[in-house]
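Let's take a walk through this protein together. Have the sequence and the model side by side, and follow along as the elements come up.

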Amino acid sequence: MNKSAIQTIAAQELARALELPLTSEQLDRLGKVFFVLSARMTSTAGTATFRGPSQGRVKLSLPIFTDPRNGDESNLRNTLRHELAHIAAPDGAGHGPVWKRIARSMGCTAERCHEMAVTRKTRRMFRFTCSCCSKELATIARAQMPSRIVQNRVSVCCRAGMRVEEVSN
């Protein structure tokens, strides 16, 4: 599915939701929704936020919905209905009974999590050990490495040098 198809389906689902027998407050909230396609969302299919009288936003994962393994548009429609139910539900409803009732009335499965294929990045992990006493100091991803460890490369236990080795995931 391409970006244009996702946008078309999103518009169709919003129009469909506006025809449902919802309260005037719920319809008002849905009438102020805009959609965002995010390339950064790689494991979450969608999110919904509603703050204030004109700030309803449904964000959808571009990587998930353009992945050929998730080609069935029923996943996209269910996710849209799920997120639109969050917009229509009262603040703080979460995935509780009020939200479930609204989600089911929209034709959503009302499940909290999706089972679509996602592509996860593998992170390189590194183990730091003291060269003096062999105490394991940390096993962390390179991106999370505190600058003091990278700069000093001195163990906190013995003030000796540190050994760094890559750990297989």
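Two strands are said to pair when DSSP finds at least two bridges between them. By that rule, β4 (residues 125-130) and β6 pair in the antiparallel sense, over 6 bridges. Please keep in mind that this is a predicted model.

**Overall layout**

The protein has 6 helices and 6 strands. Along the sequence they follow the pattern α-α-β-β-β-α-α-α-β-β-α-β. Of the 169 residues, 36% count as buried. Among contacts with a separation of 6 or more, 53% join residues 24 or more positions apart.

**The sheet of β5, β4 and β6**

Let's stay with the strands we began with. Three strands form an open sheet in the order β5-β4-β6, with antiparallel pairing. β5 (136-141) and β6 (162-167) stand at the edges with a single partner strand each, so one side of each has no neighbour in the sheet. From one strand to the next, the twist averages 20°.

β4 pairs with β5 in the antiparallel sense over 5 bridges. In the hairpin of β4 and β5, 5 residues lie between the strands, and S134 there takes a positive phi near 65°. How much of β4 is buried? Of its 6 residues, 5 are buried, so β4 is mostly covered.

**The sheet of β1, β3 and β2**

Another open sheet has 3 strands in the order β1-β3-β2, and here the pairing is mixed. β1 and β2 (46-50) are the edge strands, and each pairs on one side only. The twist from one strand to the next averages 15°. Within this sheet, β2 and β3 pair in the antiparallel sense over 5 bridges.

If you would like to find the strand register in the model, these residue pairs are handy landmarks:

| Residue | Partner | Strand of the partner |
|---|---|---|
| C130 | M162 | β6 |
| T129 | R163 | β6 |
| R127 | T139 | β5 |
| A48 | V58 | β3 |

**Two helices across the sheet**

α1 lies across β1 and β3, running at about 155° to β1. It has 16 residues and reaches 23 Å from its first C-alpha to its last, close to the 22 Å expected at 1.5 Å a residue. Which residues of α1 are buried? They are I6, I9, A10, E13, L14 and A17. Seen down the axis of α1, these buried residues fall within an arc of 140°, so they line one face of the helix. They pack against α2 (24-30), β1 (33-38), β3, α3 and α4.

α4 lies across β1, β2 and β3, and runs at about 155° to β3. This helix has 16 residues and spans 22 Å from its first C-alpha to its last, close to the 22 Å expected at 1.5 Å a residue. The buried residues in α4 include L76, L80, L84 and I87, along with the charged-letter positions R77, R81 and E83. R81 has its place in helix α4. Is R81 buried or exposed? A residue counts as buried under 20% relative accessible area, and R81, at 16%, is therefore buried. Leaving aside neighbours within four places in sequence, R81 is in contact with E13, R16, M106, G107 and C108.

**The nonpolar cores**

The largest nonpolar core has 31 residues, and L30, F65, L84 and M106 have the most contacts inside it. At least two residues of this core come from each of α1 (3-18), β3 (56-61), α3 (62-66), α4 (73-88) and α5 (97-105). Which element supplies the largest share of this core? That is α4, with 6 residues.

L30 is a good place to click. Not counting residues up to four places away in sequence, L30 touches L14, A17, L18, L22, L84, I87, A88 and M106. Two of the residues named here, L14 and A17, are among the buried residues of α1, while L84, I87 and A88 are among those buried in α4.

Apart from the largest core lies another core, of 5 residues, including F128, A138, I140 and M162. M162 also appears in the table above, as the bridge partner of C130.

Note on methods
Residues numbered from 1 in each chain as written. Predicted model: local features only at pLDDT ≥ 70, side-chain atom pairs only at ≥ 80, totals over all residues. Heavy atoms only, no water. Core = buried A, V, L, I, M, F, W, Y, C linked by side-chain atoms within 4.5 Å. Buried < 20%, exposed > 50% of the residue type's maximum accessible area, 1.4 Å probe, protein only. Helix = DSSP H or I, 4+ residues; strand = E, 2+ residues; numbered from the N terminus. Contact = heavy atoms within 4.5 Å. Axes fitted to C-alpha atoms, helices over the stretch in contact; angles between N-to-C directions. Expected span 1.5 Å × (residues − 1). Arc of directions from axis to C-beta.
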